[in-house]
Every structure is written in C-alpha cells, then in structure tokens.
2 protein chains.
Amino acid sequence: MKNLALILISLSIHTIAFGQTISGFSDEKTQQQRELETIFDSQLDAKNLDTWMQFLTSHPHHVGSKQGKANAEYMAALFQQWGYQTEIATYQVLFPTPNIRVLELKGSKPYKALLTEPELKEDNTTNQKSEQLPTYNAYSADGDVTAELVYVNRGAQNDYDELERMGVSVKGKIVIVKYGGVWRGLKPKLAYEHGAVGCIIYSDPQDDGYSEGDVYPNGAFRPKNGVQRGSVMDMPVSPGDPLTPGVAATKEANRLDRSEAKTIMKIPVLPISYEDALPFMQSLAGPVAPPSWHGGLPITYHVGPSVSKAHLKLTFNWDLKPLYDVIAKLPGSEFPDQWVIRGNHHDGWVNGASDPISGMVSELEEARSIGLLAQNGHRPKRTLVYCAWDGEEPALLGSTEWTEDHQIELREKAVLYVNSDGNSRGFIGAGGSHSLTSFFNEIADEVIDPQTNVSIRERRYASEMVGGDNHLRETHSGNKTIHLGALGAGSDWSGFLQYLGISSLNIGFGGEGPGGEYHSIYDTYTHFVRFKDPGFKYGIALSKTAGRIMLRMANAEVLPFQTTSFNSTLSEYIGEIKSLLNASRSETEQDNKMIREGLFELAKDPLKIYQSPKIKDDVPYLNFSNLENELAELNKDADLMAKVNRKMLRLDSKKQQELNLIFYQLERKLTQDRGLPRRSWYKHQIYAPGYYSGYGVKTLPGIREAIEQRNWKEAQENIEIVRQTLQAYDQQLKAALAIINSK
Amino acid sequence: MKNLALILISLSIHTIAFGQTISGFSDEKTQQQRELETIFDSQLDAKNLDTWMQFLTSHPHHVGSKQGKANAEYMAALFQQWGYQTEIATYQVLFPTPNIRVLELKGSKPYKALLTEPELKEDNTTNQKSEQLPTYNAYSADGDVTAELVYVNRGAQNDYDELERMGVSVKGKIVIVKYGGVWRGLKPKLAYEHGAVGCIIYSDPQDDGYSEGDVYPNGAFRPKNGVQRGSVMDMPVSPGDPLTPGVAATKEANRLDRSEAKTIMKIPVLPISYEDALPFMQSLAGPVAPPSWHGGLPITYHVGPSVSKAHLKLTFNWDLKPLYDVIAKLPGSEFPDQWVIRGNHHDGWVNGASDPISGMVSELEEARSIGLLAQNGHRPKRTLVYCAWDGEEPALLGSTEWTEDHQIELREKAVLYVNSDGNSRGFIGAGGSHSLTSFFNEIADEVIDPQTNVSIRERRYASEMVGGDNHLRETHSGNKTIHLGALGAGSDWSGFLQYLGISSLNIGFGGEGPGGEYHSIYDTYTHFVRFKDPGFKYGIALSKTAGRIMLRMANAEVLPFQTTSFNSTLSEYIGEIKSLLNASRSETEQDNKMIREGLFELAKDPLKIYQSPKIKDDVPYLNFSNLENELAELNKDADLMAKVNRKMLRLDSKKQQELNLIFYQLERKLTQDRGLPRRSWYKHQIYAPGYYSGYGVKTLPGIREAIEQRNWKEAQENIEIVRQTLQAYDQQLKAALAIINSK
C-alpha cells in the first residue's frame with residue numbers, strides 16, 4: 001500500500017511536469033524534445049555499464065600505465081563506432097612515481113612501516129602488484145629526513161594556531177597529520193611553511209575505517225593496511241602540468257625547469273595506513289591533544305614531540321609521462337560552432353572502479369544513446385563534445401592541458417561544461433553556475449529515482465527535510481528547489497569554469513554507497529557492485545540526468561540561462577561576506593576586551609602550557625555601497641529579463657541567435673584576466689577553491705579570503721574588482737534587453 | 001609583570017568587596033563578622049587535610065566495612081575534641097554485596113570476563129584485595145540468564161526509540177550499554193521495561209579511559225581493567241533504604257519484605273571494564289550502530305543481536321548492614337533552635353579518596369576552625385550541625401534515614417543545608433535554592449583562588465567567558481553572577497531539599513583535576529595528590545567558602561534569603577516550559593506533515609531496515625494564565641521585599657526574629673505533601689531528579705515531565721499545583737511585608 005501511494009504521488013508530479021514547457025523551448029518544440037528524451041531513455045542499458053566497467057577496471061589504469069592507454073583506445077573506438085568524430089589528444093606531463101619509500105621509527109621500539117596493501121582472495125584484481133602504483137603522494141619532494149614527530153590534527157592553519165598555544169613547534173620536525181578537513185596538498189604545504197622537514201598523512205579509522213563500519217572485504221570500509229594515495233600538488237595556485245602553467249604540455253612546449261615549478265611540494269610527504277600509523281602515534285609524548293583532534297585509534301592522542309625520531313626517505317622518478325584524453329565530437333546540425341561539453345576522467349590511482357569509472361561508464365552509455373539518436377535522424381542542433389580525461393588524479397592534468405590548448409576556441413564556442421567524477425547510490429548532488437538553477441531543477445523533476453519511483457528532485461528534498469533540524473524543516477518546507485553548490489576544486493571543471501569562464505555543472509548520485517576504498521587497491525569492480533551501485537541503476541539515472549542536460553542545451557531555441565537565480569545567490573554571498581566582516585569585528589572586539597581584562601590568563605590551567613591569544617588589529621568598516629548599487633542595477637535588469645522569458649521564444653531566429661551568443665558568453669564576464677591575488681590562473685571572480693582550504697570553495701574569493709586573512713586593503717580593492725565584474729556582466733544583460741525590446 | 005597586574009586587579013576587587021556590607025548584617029555587625037572570618041581563615045591548615053585523608057583512605061571504607069566504622073569513630077572523636085556535641089547515629093539498611101559474579105561469552109570465541117581490577121605497585125592501597133568490594137552494581141537482582149546481546153548506547157529512552165527504528169528488539173536479550181548519559185540506575189530499569197533479561201554496563205574508553213588521556217598509573221584516566229562500581233537503585237522514585245521508605249531504618253522499624261521493595265532492580269546488572277567489554281562488543285552482529293553511539297574501542301560498533309550468547313550469573317548477600325552517621329552539633333549562642341547544617345559523606349566504594357574524602361576533610365578542617373572560634377568566645381548565634389554521612393554511595397542511605405528520622409525537628413529548625421561531595425582543583429561550582437544566589441555570590445567574591453589570586457567568582461567568570469561561544473561572550477560580558485544550578489539527584493541534599501523543603505546548597509571546586517578513577521580501586525590518596533588537588537589548596541578554598549556560608553547564615557541578623565533571584569529563575573523556568581511546549585507542538589506538526597507526505601519513506605535507504613516515525617497526537621495549547629498571574633503577584637511582592645532589604649536590618653530584634661522564622665520556612669512552601677506524580681517521596685515542586693534521566697535535574701518537574709511524556713492532562717493539573725504552591729509562598733512574603741511595614 002505504502003509503495004502504491006508513493007507511485008501515485010510520483011505519477012502525478014510526473015504528469016504535471018510533462019504538461020509544462022521546457023525552459024528555452026517554445027510550446028511547439030517542447031513536445032518534440034520530450035519525445036526525443038523518451039527514446040533516449042529507452043535506449044539506455046545497465047548491462048553496458050557493467051561490461052565496460054569490467055574492462056576499464058581490469059588492471060591499474062593510472063597515468064602512463066599500459067591499461068590507461070588501452071582504456072583510452074577502447075573508449076575512442078566506442079565513440080567512433082557510435083558516430084562521433086574522435087581523437088586522442090596527447091600531452092607530455094610531469095608525473096612523478098616513487099622509486100624509494102622508507103618510513104621507520106627509531107629508538108627503543110623501532111618499527112618499519114609496511115607501506116603495502118595486501119591482496120585479498122575475495123577480490124581478484126587486488127593481486128596485480130607489479131602493475132599497481134605504490135602508496136604515495138604525487139608531487140612530494142625527494143627527501144631523506146630524520147627528526148622527531150609532531151601531531152597536528154588535520155594539518156590546517158587553525159591546527160597550527162592551536163599547536164602554538166600549546167607551546168609546541170614543528171620547526172625541524174616531521175609532521176604527522178590525519179587525512180580530511182582540508183585538501184590533502186595543503187597539509188605538507190602548511191607543514192613546510194611552519195618549518196617542518198617532512199610530512200606523514202594517515203587515514204584515521206574514525207574517518208573511513210572501522211569506526212564507520214565493517215572493513216573490506218567484510219564491509220565497505222578501509223581495512224587496516226588500506227592507504228589513500230593522492231596528489232599533493234599545490235592546485236589552489238594552479239592545476240595542470242607544473243612545468244607548463246597556462247599553456248598546453250605539448251611535446252614542443254617550453255617547459256620550466258622542475259626547480260622553478262611553483263606547485264611542487266618542498267618537503268617529502270607520504271600517506272600511510274592506520275596500522276602503520278599506530279606505532280608513530282604511540283611514540284608521541286608532550287601534551288594530550290585537544291578533544292577535537294582525537295581519532296579512532298585505541299590510544300591517547302598526544303601532540304608530541306615524539307621521544308624517538310622517525311626516518312622518512314623518498315625518491316621519485318621525475319620523467320615526463322604521456323596523457324591520453326579522448327575527445328569525441330558530434331557536430332551540431334544547426335550550430336556546429338556552439339559546443340556543449342561533457343567530461344569524466346578515466347585515469348584511476350589503481351583499478352579505480354568507483355573513482356572514476358562509475359561516472360565514465362555512465363557518460364559512455366549516455367553518448368551511445370545520443371549517437372543512436374543522431375544516426376536515426378535526431379542529430380542535436382549544437383555540437384556535443386564527449387571527453388574522457390586522463391590524469392585527473394595527479395592534478396586535473398588532462399582537462400587542464402586540453403583547456404589551455406584550446407582556450408581560444410573554447411572561449412568562443414563553449415556553451416556549457418558538464419562534469420561527473422564517479423557515481424553511487426542515493427541522492428542527486430549538483431554544483432555549478434547559478435544561472436543554471438532552474439534549468440537543472442526542471443530536469444531533476446523529470447528523472448525518476450530507481451529505488452523509490454519519485455523524481456530525483458523529490459527524493460533529494462525528502463532527504464534534506466529528514467536530515468535537517470527543526471529550523472530547516474520549518475523554513476525549507478515545500479521548497480523543493482535543489483540549490484546548486486558552488487564549485488571549488490576537486491575535478492575537471494577547473495579549466496572550464498575557473499580558467500576560461502565557461503558555465504559548468506558537476507553532478508552525481510551518492511549518500512547510500514558507503515566505503516573506505518578511496519584511492520586504494522580496494523576500489524575495484526568487486527567492491528563497487530557489492531557496495532556502491534548494484535545493478536548500475538544509478539549509473540543509468542546519471543545517464544538520464546546528464547543526457548537531458550546535454551540534449552536540452554544542444555537543442556534549445558533560446559539558451560536557458562537564468563540570471564535571477566545567479567543574482568539571488570550573489571546577493572546571499574555578499575550578505576555572507578558582510579556578516580563575516582561583522583562577526584570578525586565583534587569577535588575581535590570581544591577577544592581584545594577579554595585579553596585586556598586578563599580573562600584568558602585567569603581561565604587557563606596554570607599547570608599546563610597554554611598561550612593566551614594576542615591582541616588583534618581592529619576590523620574596519622569596508623565600503624560595500626558601490627558594489628551594492630551595482631547589484632541593485634543588476635537585479636533590476638535580471639527582473640526585466642525574467643519578464644521576457646517566454647517572449648524570447650517568439651522572437652525571430654536571428655534575434656534568438658544574437659541573444660544566445662550573449663547568454664553563453666555571460667559567464668565569461670565573471671572572469672578577470674589578472675586572476676585572483678597571488679594566483680593569476682584562477683580568473684573567475686565568484687567561485688574558486690580556497691587558497692587555504694583547498695577543496696572547499698570560496699565564493700567571492702578575492703574579497704572573502706582577504707577578510708579571512710585580515711588584509712583589509714586587499715578586501716576593499718577586491719570589492720571594487722567584483723563591482724567592475726558585475727558591471728561588465730550587466731552590460732551584456734542590457735544588450736540582450738535591447739535586442740529583445742527592439743522593433 | 002602579568003602576574004603582578006592580576007594581583008593588582010585582585011586586590012582592588014578585594015578592597016571594594018571589603019568596603020561593602022554583608023547581606024543580612026547591619027553595617028555595625030559587618031565589620032565584626034569580617035574579622036571573625038579573617039581569624040577563621042587564618043586557622044585553616046592544609047596539612048590537616050592531608051593527614052586525615054591518609055587515615056580515612058588507608059583501607060576500603062564502604063558501608064559495613066571495618067574501616068567505615070573506624071572512620072566514623074575517628075571523625076566523631078575529632079568533632080568531640082573540637083567542642084562539638086557529637087553522636088554516631090546508627091541505622092540498619094539493606095545493602096547487598098556480591099557472592100557470585102559470572103559473565104561469559106559462549107560460542108566459537110568464548111571469553112570469561114575477568115571482573116577484577118589489578119593492583120599496581122605504584123599505588124600501595126590497591127592491593128587490599130580481601131577488603132575491597134568486588135566490582136558490581138548495588139541493588140541488582142539475583143539472576144542467572146543466558147541470552148544474545150544487544151547494544152543500546154547509553155541505555156536511555158531515546159536509544160530504545162532509535163533501536164526500534166532499526167528493527168532490533170531487546171526482548172529476552174541481555175542489554176550491553178555504556179556508562180554515562182543518564183543515571184546508572186535507569187539503564188537496567190529501562191532495559192527491564194523493554195523486556196531485557198539482563199544488563200551489562202561498561203566504561204567506554206572514550207568517556208574516561210585512554211581517549212581522554214593517559215591511563216593510571218601513567219596518567220589519571222581509567223586503565224583497561226578499571227571498573228565503575230555504583231548503585232542502580234531506582235532513586236528517582238525514592239532514595240534511602242528500600243525496605244523503609246519514608247521512615248528511619250532503625251533496628252525496630254517496620255520493614256517491607258524485599259520482594260515488596262519498589263526501588264530494587266528486577267534484572268541482574270553488572271558493570272565491567274573496557275577490556276572485558278571488548279569481546280562482548282565484538283560479538284555483536286546486526287546493523288552498524290548510529291555514529292553518536294560509537295565509542296573509543298577499536299572496532300565497528302554494531303547494535304546486535306550477537307551471534308553467540310552471553311551468560312550472566314549474579315547472587316548477592318542481602319543482609320542488613322549498619323550505617324554510621326556522625327552528627328556533631330555546636331549549639332547556637334542566641335538561636336539554638338535554628339540549625340545550619342553541613343554535610344559530606346564518608347563512605348566510599350573502595351578507598352574513595354576523591355569521592356568522598358576530599359570533601360570530607362575540607363569539612364572537618366572548617367569544623368575545626370569554627371570549633372576553635374567558639375572556644376575563643378566567638379560561638380555562632382545559630383546552631384551548627386556538622387554531618388559525615390554513611391551509605392551515600394548505595395542510595396544516599398545515611399542522609400535519607402537521618403532526615404526521615406528527624407523530619408519533624410528538621411522541618412521546624414533547619415535554616416539551610418550545605419552539601420559537598422568531593423573536591424578538586426579548578427573552578428567553583430554551585431547549585432541550590434535560588435533565593436541564595438546573592439548570598440552565595442557575595443561569598444564567592446571574597447574567597448581567593450589559590451592559583452590566580454583573584455576571587456573564585458572572578459575566575460569562574462573568566463572560565464565561562466573563555467569557554468563560551470561568541471554569543472555567550474557578548475550577552476554575558478561583565479555579568480559575573482554565578483548562576484546556581486538546580487539540584488537534581490546525586491548527593492546527600494535530597495532528603496533535605498526534596499523531601500523536607502529545606503533550602504540547600506551544594507558546592508565544590510573542579511575542572512582541573514582530571515581522572516577516570518571514579519568508583520574504582522584507583523581512587524586513592526596517591527591518585528588524588530598527584531592529579532586532583534596537590535597540596536590541598538582547593539581543599540582549603542572549599543573550607544573558606546563553606547565556612548563563610550555557615551558562619552554568615554549562623555550569625556545573620558536577618559536571614560539573607562532573597563526572593564527576587566528565586567523569582568527571576570522561576571520566570572525563566574516557566575518560559576522554558578512554554579518554549580518546550582511550543583517546540584514540541586511545531587515539531588509534532590512538522591513531523592506529522594512530513595510523515596503524511598511520505599518524506600521519511602522516500603529519504604530512507606531501501607537496503608536497510610529503518611522504521612519511519614509514526615503520527616503523534618497533536619500538542620494542545622495549555623492554560624498558563626493563572627500561573628503567570630500568580631507569578632506576577634509574586635514578582636510584585638518580591639520587588640517590595642527587595643526595596644526594604646536594608647530597612648529590615650534596622651527593625652527591632654523581635655520583628656527580625658519573626659521575619660527570620662518566615663524566611664527560612666519559605667522553601668518549605670515549595671513542597672506539596674502529595675509529592676510528585678508517581679513518586680510521592682519527592683515533595684519539592686520546583687526541583688527534582690528526572691524520572692527518566694536520573695541525575696539530570698528537572699525544574700518544575702510535575703509540569704515538565706508531563707509535557708515530555710505527552711501527558712497533557714497531567715501537565716495542566718500540575719500547572720495548577722505549581723500555582724497553588726507559589727500562592728502559599730507568596731502569602732508568606734505578604735506576611736513578612738506586613739511585619740516590616742507595621743508601626
């Protein structure tokens with residue numbers, strides 16, 4: 001009964017949705033597009049995803065591996081077979097692989113770290129030892145250091161602040177930190193900046209090991225010897241080949257000397273398992289770590305320094321390695337020079353089933369079905385470009401080099417970039433350019449969740465409501481809009497969105513596919529089909545979602561970018577920034593008052609070393625008025641645009657084409673050539689990865705990070721830069737309005 | 001320099017305080033009282049605390065032990081020597097001690113629990129095996145059960161709700177739960193109510209073991225075999241001897257048969273160490289426990305049931321055992337029939353240094369100094385009664401039987417009861433009757449913290465500010481008032497406050513004396529002087545604080561109860577209750593709406609068993625108007641009282657005596673003979689231990705618990721009962737005002 005009721009709800013929603021037009025499509029074309037999508041859906045077959053995943057994950061397929069190249073060729077052949085104009089774009093990039101890896105604890109209880117992930121008889125690809133990349137962090141420095149250890153929690157800046165208050169220094173020490181909290185690459189970077197000579201990163205069992213659930217192969221979580229490989233390149237400065245920043249790493253490219261590369265770590269850094277971590281963590285003396293620093297090991301977490309010294313020796317092979325990006329084009333029937341681009345990477349750290357092949361096979365099936373549509377006379381109006389990126393894991397290498405390579409063409413032609421990076425069971429998640437909010441929500445309303453038979457938007461809403469506190473439930477009730485997250489770093493959209501200003505979306509399902517296999521030899525086909533997406537039902541749901549995005553963007557009469565949702569999000573960001581500044585001011589005032597009253601001195605335990613905070617500079621008031629006036633003007637024009645939304649569909653084709661050119665170029669106006677302070681590669685002024693948080697996005701990064709770093713002058717300068725950016729954006733809106741309203 | 005600055009701040013506060021009068025004292029008498037306190041302070045000597053603790057903790061001193069009796073006699077002799085009229089009040093109480101204790105895991109990985117705490121060569125009283133009570137829970141049932149295990153987190157009602165949603169039942173099972181969260185005795189009670197046949201309680205290392213810090217003897221925390229003994233009597237129903245509820249357990253008392261006793265557990269229950277817990281926890285299968293249920297063991301926490309069965313066998317010696325309360329009186333020079341009472345218990349679970357002797361020795365030194373004052377001609381005006389309670393650990397036995405024994409006299413004579421129960425290094429903490437807020441704060445302003453040389457009030461304020469979030473810092477800044485906590489259960493005030501309606505205070509220092517020795521053989525002199533209060537500096541600070549309370553209450557011309565702070569606290573409580581009701585209403589509405597919309601069904605993982613919540617009855621609006629009108633009337637009278645605060649000190653002595661009689665009887669008016677619903681022993685209508693939370697206080701318990709249990713009719717009835725209670729209280733205020741304003 002219960003299920004029947006749900007199906008009825010679902011059907012009624014479905015029906016309503018089908019009765020509506022699609023944004024960007026006239027009433028007449030809506031029906032046609034829906035029929036196309038019905039055929040598209042009906043051609044999708046989960047068995048293909050299964051077959052392809054088995055092949056693509058049959059051997060380790062990292063950058064430079066035999067299987068990596070074979071996978072590229074395999075996919076290129078598929079695309080070709082489906083009617084795509086396919087090429088393999090090749091680049092030569094710096095991708096270090098380890099030669100020597102030694103980590104040992106000296107002293108009275110010596111220990112030599114295993115640095116090995118054992119094979120499992122339950123999983124038949126875990127025994128491919130000779131093909132597997134050893135456990136390591138790519139772009140670590142070579143080094144041979146012996147020093148005491150200090151534990152610094154996640155290795156973020158606030159952890160170093162806390163450490164300083166405890167009177168412990170990492171100068172000349174090897175830092176040991178937990179994974180998580182901040183982007184992996186910031187851990188050795190901050191360790192180096194604080195004077196450490198080496199860095200060890202371990203997977204604490206509290207994060208993805210036994211504390212979370214049974215470990216592999218009994219359950220999905222990280223076994224005691226599982227290690228998270230991963231890049232530690234300084235990607236918040238710039239991703240891509242460190243020897244060719246801003247230009248493509250072609251054979252003949254001018255390369256920096258490795259010593260000049262800005263994004264390679266300066267100290268040796270090595271990831272280890274929690275079994276290997278235990279003796280090192282037990283060797284720590286000194287103060288007991290603060291409660292929030294504790295993890296899941298059965299020990300008292302101390303800060304250090306350790307009684308005994310640790311010895312870390314690492315050397316790498318620094319040869320250039322080849323990249324193989326698969327680029328498959330389906331030229332548009334009407335607007336071949338307008339490109340809608342779709343990508344997922346194909347390289348993994350080892351056999352990489354969940355990361356990245358689960359997303360890759362979904363993209364392939366989507367491309368296959370669209371190829372079939374084209375063969376049957378339904379070729380999309382705009383050009384579709386399907387990409388399978390190599391080298392995402394080390395540093396978004398494949399996508400970055402390709403976007404750098406084709407930057408002039410892409411700036412001119414790219415309408416949208418749609419990314420995925422793996423997929424699992426559960427709830428739709430989406431991030432991206434906020435002018436795509438309505439467009440994406442319309443699609444999420446029509447794709448049906450394979451487990452519950454309601455739309456993926458309904459199910460996501462249910463999950464947010466159930467997971468929310470009472471306040472969220474009250475304020476959110478009935479509001480089913482999926483808010484797009486802002487995009488920081490983390491996958492292949494960076495070159496498109498942040499370097500070139502191309503509207504982007506990143507999507508995927510998740511939340512019900514548990515695991516601690518990330519970047520280990522246990523991320524396999526066997527693990528995936530047991531724990532992530534049995535039967536590839538969500539793989540198909542992803543094909544349906546992304547396929548609709550591609551098809552609608554390709555066939556729309558008027559491109560469905562909507563500036564009102566961008567504007568309202570922007571207003572929120574500006575509001576947040578002002579709150580941040582005010583909170584910082586009141587916190588500074590309160591802290592300084594408390595310092596002057598001696599409260600920190602009085603409250604602390606005199607038997608422990610603990611430095612009270614120091615007086616901070618006052619937080620000034622900044623002038624937001626020009627920015628806010630600009631925003632008000634922008635809001636006015638966005639409202640005018642919203643009012644002529646359907647009118648645009650009745651304009652003549654020539655005007656529509658003029659408008660479309662403006663619309664897909666709008667996101668470009670959000671970039672500035674000079675880029676962000678201290679990192680000119682990042683040109684987008686609204687979204688960027690955090691300079692000091694890495695993965696975590698910073699919105700209005702120029703202003704926000706300046707405030708966070710208490711650089712008031714730079715904050716004020718960036719308020720003006722953002723204002724100019726919005727002004728340029730608004731001028732385009734005004735141009736569009738002029739076209740619409742012209743006789 | 002920094003320290004000097006602090007001393008200067010401290011001195012200036014000190015000076016200001018000394019310039020003020022003391023509440024209840026005329027300007028003339030203030031100076032005299034201060035001089036008395038200066039002498040009192042100067043006579044205190046930390047060496048005495050050390051000496052006495054060494055004697056009192058030299059052997060295990062639980063109820064019925066040889067050392068327990070010796071301690072009572074030792075202290076009685078001291079009191080006698082200091083000029084107190086001393087007696088040892090003796091009662092015969094049911095106090096079970098274990099005969100047989102067996103806990104074992106059956107099946108393929110059998111394990112027999114050790115149930116033993118090993119002696120340590122570093123601590124010379126840990127080897128007194130033959131004198132130690134074995135590890136057990138007093139008032140467990142006898143039993144011999146074999147069943148599968150189920151893990152239920154802390155064993156609170158919401159844990160059972162969650163368990164039910166996971167589709168797991170404890171019917172016929174043995175429940176294993178962590179210590180903490182709710183009063184120990186509720187764990188087996190709720191287990192029984194849900195159909196379990198046995199209960200195991202273990203000390204998770206996350207709570208007071210290695211997760212918190214190094215374990216004893218390296219550090220202060222619970223070692224792997226350390227066990228928390230403790231009572232599981234159903235004290236939220238009534239404390240004291242279970243065979244003589246409401247009457248004294250004298251030799252000749254009428255006793256219930258044990259089978260009729262309401263407060264003895266119905267199933268066997270046993271506490272174990274985390275080493276013993278590990279194999280049992282590892283045996284659990286079934287769903288992975290929710291994240292908030294995880295602890296510090298290096299395993300995946302499962303809910304169960306276990307694959308193998310556990311066998312629990314317990315039998316007890318149910319003999320009556322003797323109690324020895326030491327009662328030492330110093331008759332008042334002017335008002336011998338007005339008693340100011342001070343108490344701390346003397347029985348421990350084993351050698352009990354921190355709990356309770358650290359508080360006991362501080363009380364002794366306080367009594368010694370006051371005895372000396374009396375001998376030197378400064379006998380207090382009112383009678384002081386110094387008590388050392390036996391049998392607090394099993395069930396507040398000594399204090400409860402004594403208050404039941406002397407209830408008529410106490411109702412007539414008791415002005416105040418001041419409790420402590422152990423002491424440590426750090427910050428003053430205080431709970432009690434809110435009419436004592438100002439009185440206590442004046443004292444906290446004058447006692448100097450031994451580590452920082454500011455007042456204990458200043459230091460407590462500093463700690464709250466530094467520990468608070470920015471909101472607290474902003475709203476709290478400059479407000480140095482120590483808010484008294486409300487008293488629930490947990491120590492010997494229950495008979496005084498909740499049964500007899502005697503104004504009470506409970507005080508002690510803490511926050512900087514770490515430890516996991518609680519109720520184990522490791523709570524020793526050696527542990528105490530290493531980790532808790534080296535040099536007994538805070539022991540002396542407690543003597544100074546409690547001594548001032550005693551001396552001021554004994555010598556005050558007008559008793560310094562202040563109704564405005566009681567009223568404002570009461571207003572807060574009523575506000576909280578209304579918010580609770582409103583929150584419950586909006587949460588119920590929101591939940592029911594979400595249930596009807598099917599959101600819980602949509603959000604849940606279809607591959608897991610998880611019951612969605614069920615529709616709840618609507619929350620009605622209750623009528624608070626009569627209660628609020630009564631409160632308004634009370635506020636008016638309290639304001640009038642506040643205005644004549646100093647005027648009262650100029651009244652003639654006869655009027656002052658009339659007023660004093662009213663004042664110290666005021667708290668009695670907050671009781672109702674019928675007691676609280678389902679527990680008539682608890683007569684106080686403002687404060688009670690939670691029926692379903694145990695230690696945790698419930699303020700306005702009759703109303704609050706009815707709302708929490710969704711018993712709307714009972715809630716409305718109790719609103720009226722509280723109104724009547726406040727009316728009776730207000731009538732006394734009006735009587736006092738009439739006396740003050742009469743010509």
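**Entry 1: strand pairing in chain A**

I began with strand 12 (residues 335-345) of chain A, which runs parallel to strand 14 of chain A and is joined to it by five bridges. The model I am reading is a predicted one. For a residue pair in this pairing, I noted that A:Ile341 has A:Tyr417 of strand 14 as its bridge partner. I then looked at strand 16 (residues 504-511) of chain A, and found three bridges between it and strand 14 of chain A, again in a parallel arrangement. Here A:Val418 stands opposite A:Leu505 of strand 16.

I next asked how many residues of strand 14 of chain A are buried. The count is six of the six residues in 414-419, so strand 14 is largely enclosed by the rest of the structure.

**Entry 2: domains of chain A**

I looked up the domain assignment of chain A. Domain 1 is made of the segments 2-92, 323-515 and 523-555, domain 2 covers 97-317, and domain 3 covers 563-741. For domain 1 and domain 3 of chain A, I recorded a separation of 29 Å between centres taken over C-alpha atoms.

I then examined the contact between these two domains. On the domain 1 side 19 residues take part, and on the domain 3 side 24 residues. Helix 13 (437-444) and helix 16 (494-499) of chain A each supply at least two residues of the domain 1 side. Which helix gives the most to that side? I found that helix 16 of chain A does, with three residues. By class, I noted seven nonpolar, 11 polar and one charged residue on the side of domain 1 that touches domain 3.

**Entry 3: contact between chains A and B**

I turned to the two chains, where 41 residues of chain A are in contact with 41 residues of chain B. On the chain A side, the elements giving two or more residues are helix 1 (2-19), helix 14 (456-467), helix 15 (470-476), helix 19 (563-596) and helix 20 (599-603). Helix 14 of chain A provides the largest share, six residues. I recorded the classes on the side of chain A that touches chain B as 19 nonpolar, 12 polar and 10 charged residues.

**Entry 4: cis peptide bonds**

I noted a cis peptide bond from A:Asp355 to A:Pro356, with omega near 15°. I placed A:Pro356 in helix 9 (residues 353-375) of chain A.

In chain B, I found a cis peptide bond joining B:Tyr216 and B:Pro217, where omega is about 10°. Where does B:Pro217 lie? I located B:Pro217 in the loop between helix 7 (205-208) and strand 8 (230-231) of chain B.

**Entry 5: positive phi outside glycine**

I looked up A:Asn153, which is not a glycine yet has a positive phi of about 55°. A:Asn153 sits in the loop between strand 5 (143-151) and helix 5 (157-165) of chain A. Is A:Asn153 buried or exposed? I counted A:Asn153 as buried, because there are 24 C-beta neighbours inside 10 Å and the cut-off for a buried residue is 20 or more.

I also listed A:Leu700, with a positive phi of about 45° although it is not a glycine. I found A:Leu700 in the loop between strand 18 (694-699) and helix 23 (701-708) of chain A. With 25 C-beta neighbours inside 10 Å, A:Leu700 therefore counts as buried.

Notes. Residues are numbered from 1 along each chain as its sequence is written. Chains are lettered from A and ligands numbered from 1 in the order in which they are written. This is a predicted model: local features need pLDDT of at least 70, side-chain atom pairs count only at pLDDT 80 or more; totals for chains, interfaces and linings use all residues. Domain bounds come from an automatic or database domain assignment. Two residues are in contact if their C-beta atoms, placed from the backbone, lie within 7 Å. Helices (H or I, at least four residues) and strands (E, at least two) are DSSP runs, numbered from the N terminus. Ala, Val, Leu, Ile, Met, Phe, Trp, Tyr, Cys and Pro count as nonpolar, Asp, Glu, Lys and Arg as charged, and the others, Gly among them, as polar. A residue is buried if 20 or more other C-beta atoms lie within 10 Å of its own, exposed if 12 or fewer, and partly exposed in between; C-beta atoms are placed from the backbone. Two strands pair if DSSP finds at least two bridges between them.
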